[in-house]
Amino acid sequence: MRGRLRIVSDDNLKTTTWTEVPEEYWREVLEKDVEIPIIHVPPLAKGSEIPEYGDCSLNFTIKLAHGGEFDEKFESYVDGDTKYFDMCSLNNFHLMDLHSMCKELGIGEGSYDLWYCIPGRALDVEFVIPIDEEEDVASMLDMLVYSNCLSLYTTAKDVE
C-alpha cells in the first residue's frame, strides 16, 4: 500500500507535514463499503532523511526523483526534484501504487519510465534497475532487507 507525500515548507525546513492519500487511489484499491484506512503521521527526527520505523516494521519510504534524466552511464540524475512518500507498507504494495505516487506529483500516465537503485550502491548502470511489471516491484521490495528507504527515479518515456 502506498504512503503519504511528505511536504517540507519553505521556512528553512522547520515545518514538515504530510498530505492524505488521494481518495481516487482508495476507490481503486478498496472494495466497496470498506473503510479508508488511517495512515498515521510518521515520527521524523530532526535532520533525518527517513522516519524511525523500528525493528520488524512493514513500513518504508520511497525517495522519488522526478523531472530529470540520467547521464549516459547512469552515474548521476540531473535537473530533477525529489519527493518522499513515507509510511508505505509491504502489505499489498503494487506497481499501481508507484503510478499513483507519480500521478500525485503531476507526472502524466504513460509518459515516464520507472527505475530503482539497489540500496547502498551508488548510481551506476549495473545498479539501476527498470520497473516495468509486478515482478520488478517484488524484486525491488526484496531490497528492503538492506534499507527501509528505496530510491526511485522517473525518466521521460522514449516515444517511437
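## Salt bridges, a helix crossing and free cysteines

Arg-2 has a relative accessible area of 0% and is therefore buried, where buried stands for under 20% relative accessible area, exposed for over 50% and partly exposed for what lies in between, with a 1.4 Å probe and protein chains only. The model is a predicted one, in which local features need pLDDT of at least 70 and side-chain atom pairs count only at pLDDT 80 or more, while totals for chains, interfaces and linings use all residues. Residues are numbered from 1 along each chain as its sequence is written, and side-chain values rest on heavy atoms, with hydrogens and water left out.

The partner of Arg-2 is Glu-104, and the closest N and O atoms of their salt bridge are 2.4 Å apart; the term requires a side-chain nitrogen of Lys or Arg within 4 Å of a carboxyl oxygen of Asp or Glu. This pair links distant parts of the chain, since Arg-2 sits in the segment before strand S1 (4-8) and Glu-104 in helix H2, 102 residues apart. Helices (H or I, at least four residues) and strands (E, at least two) are DSSP runs, numbered from the N terminus. Whereas Arg-2 is buried, Glu-104 is partly exposed, with 25% relative accessibility.

The structure counts 6 salt bridges under this rule, and one of them joins Glu-49 to Lys-63, with 2.8 Å between the closest N and O atoms. Here too distant parts of the chain are linked, with Glu-49 in the loop between helix H1 (23-29) and strand S3 (59-66) and Lys-63, 14 residues apart from Glu-49, in strand S3. Both partners are partly exposed, Glu-49 at a relative accessible area of 37% and Lys-63 at 25%. A further salt bridge brings together the side chains of Asp-81 and Lys-83, at 3.9 Å from N to O; Asp-81 is partly exposed at 37%, and Lys-83 is partly exposed at 28%.

Helix H2, which carries Glu-104, also packs against another helix. The axes of H2 (residues 95-104) and H3 (residues 134-142) come within 9 Å and cross at roughly 85°, the axes being lines fitted to C-alpha atoms over the stretch in contact and the angle running from 0 to 180 degrees between N-to-C directions. H2 is therefore roughly perpendicular to H3, a term for angles of 65 to 115 degrees. In this contact (heavy atoms within 4.5 Å), Leu-95, Met-96 and Leu-98 of H2 meet Glu-134, Val-137 and Met-140 of H3. The residues of the contact divide into 5 nonpolar, no polar and 1 charged.

The cysteines lead to another part of the picture. The structure has 0 disulfides, a disulfide being a pair of cysteine sulfur atoms within 2.5 Å. Cys-88 is unpaired because its closest cysteine sulfur, in Cys-149, is 9.6 Å away, too far for a bond. For Cys-117, which is in no disulfide, the nearest cysteine sulfur is likewise that of Cys-149, 11 Å away. Cys-88 is buried at 0% relative accessibility, and Cys-117 is buried at 5%.

Two residues other than glycine have a positive phi, and their settings can be set side by side. Cys-56, with phi near 65°, lies in the loop between H1 and S3 and is exposed, with a relative accessible area of 79%. Met-87, with phi near 65°, is found in strand S6 (residues 81-89) and counts as buried at 13% relative accessibility.

Note on methods:
Angles under 35 degrees count as roughly parallel, over 145 as roughly antiparallel, 65 to 115 as roughly perpendicular and the rest as oblique. Ala, Val, Leu, Ile, Met, Phe, Trp, Tyr, Cys and Pro count as nonpolar, Asp, Glu, Lys and Arg as charged, and the others, Gly among them, as polar.
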